[in-house]
Amino acid sequence: MIKWKKRVHLTDEQKIENYKKEIITLEQVDYSPLYSQDVAYHNYGYIHTFRVISDGLRLSNMKQFMAGILAGIWIGLVYVAVAMATYSFVGADKAVLESLVKILTGLIFGSVILLISFLGGGFVTAHMWYNRTMFKKVERWSIFLKACGLVYAGNIIGIMIFTCIFQLSGALNHSPALAQHIYNAFGKAKLYEVGSAIEAKDALKAGEIFKTIGYVFASAVLCNFLICLATQGSKSAKGNTVAAMIMYFLVLFYFAIGGYQHCVANWFGAWMLILRAISDPTTQHANMAWAFVAFNIIPALLGNFVGALIIGTFMGLFNKEFDTLLVQEARMKFLAEEIERIENKKMKIKK
């Protein structure tokens, strides 16, 4: 017969006492290797990415939200540039130019990271690099999810602001070919079988839905392999700005040329479909818009999270000697914050 171990509920005083004992133990660890400039480039990148994202989770709510909005605007700006540069190369009679379209997309899209680096901004997918540490109890899930939620909300709203103004500018009205290219390349094509079925006005089948979700999810996993490596790769440059930009640009080029699914960038397609459904309210346009959110955005978000968890775990194992120290250092910081949180809660109750 299996005997379940009864969970012991500690008082606040007992928790504080246990936390203080653990902090004393952690303080005995030698953390000096984490502050050396002589470590290999890949180790240096891993160490500083860990710290930057950990500190980033603690930025003010407004800072997180505004960083998301700025990144969303930059995404919209770059995607319009991609569409403008490639729309005349697509079409059934120009299939031979598909590789050129991909190369141009990669080269232009990579510039978004330059805008973020020099003008500010943040992606929720970059925060996801840190998600595996939640399972090691070096951070509260509430802090992590709150930071991710604020940045992601900002990303969505930033893209919405840009796409609304772009739509009002009349650019699509004066270029039907451009409008159709955006509709197809950033909307229908990213829905795979579901997009084709909606365009053909066929009833959606369970098999088509599950295939589309599977394609988007797997592509999103690959996407966040690259997004997380772009962040880490830039930090590996040890402060060399040119090298950092090259690493950022190179990895994002691979992401864009591969056409992988990104839960932030894909909102450009989502908002363009939504705005098209509003300006031209047909059943087909409405179905394409809600299907994109349901069968692309949501699976992409989950896939990006899993992708960050997988590549982050691999990189953590590769940098294990430094990862162990980083986790211990972060745990010590977390425990000190927990003690402060409990004491503040007790003071509020007394008042």
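In the predicted model, D55 has a relative accessibility of 43% and therefore counts as partly exposed, since this value falls between the 20% limit for buried and the 50% limit for exposed residues. Its salt-bridge partner is K333, with the closest N and O atoms of the pair 3.1 Å apart. D55 belongs to helix α2 and K333 to helix α14, so that 278 residues of sequence separate two distant parts of the chain linked by this contact. K333 is likewise classed as partly exposed, at 34% relative accessibility.

A second contact joins these two helices. R51 and E329 form a salt bridge in which the closest N and O atoms are 3.8 Å apart, a distance that meets the criterion because the cut-off is 4 Å. R51 is located in helix α2 (residues 41-56) and E329 in helix α14 (residues 320-350), so the pair ties together parts of the chain that are 278 residues apart in sequence. For E329, the relative accessibility is 17%, and the residue counts as buried. R51 also has a relative accessibility of 17% and is assigned to the buried class; both assignments follow because buried means under 20%.

Helix α14 takes part in a further salt bridge through E338, whose partner is R140. The closest N and O atoms of R140 and E338 are 3.1 Å apart. R140 lies in the loop between α6 (124-127) and α7 (141-168), and the two residues are 198 positions apart, so this pair also links distant parts of the chain. The two ends of the contact fall into separate accessibility classes: R140 is partly exposed at 29%, whereas E338 is buried, with a relative accessible area of 5%.

Besides these pairs, a network of salt bridges links R58, E139 and E337. In total, the structure holds 10 salt bridges, among them the contacts E329 with R51, K333 with D55 and R140 with E338.

Nonpolar residues were also examined at the surface. L114, F118 and L119 make a nonpolar surface patch of about 310 Å². Of these residues, L119 is found in helix α5, which spans residues 112-119. L119 has a relative accessibility of 54% and counts as exposed, because this value is over the 50% limit for that class. Its accessibility also satisfies the requirement for patch membership, because patches are made of residues with over 30% relative accessible area.

Terms used: Residues numbered from 1 in each chain as written. Predicted model: local features only at pLDDT ≥ 70, side-chain atom pairs only at ≥ 80, totals over all residues. Heavy atoms only, no water. Salt bridge = Lys/Arg side-chain N within 4 Å of Asp/Glu carboxyl O. Helix = DSSP H or I, 4+ residues; strand = E, 2+ residues; numbered from the N terminus. Buried < 20%, exposed > 50% of the residue type's maximum accessible area, 1.4 Å probe, protein only. Patch = residues over 30% accessible without salt bridge, like charges linked within 9 Å, V, L, I, M, F, W, Y side chains within 5 Å. Areas by Shrake-Rupley, 256 points an atom, 1.4 Å probe, with all protein chains shown as cover.
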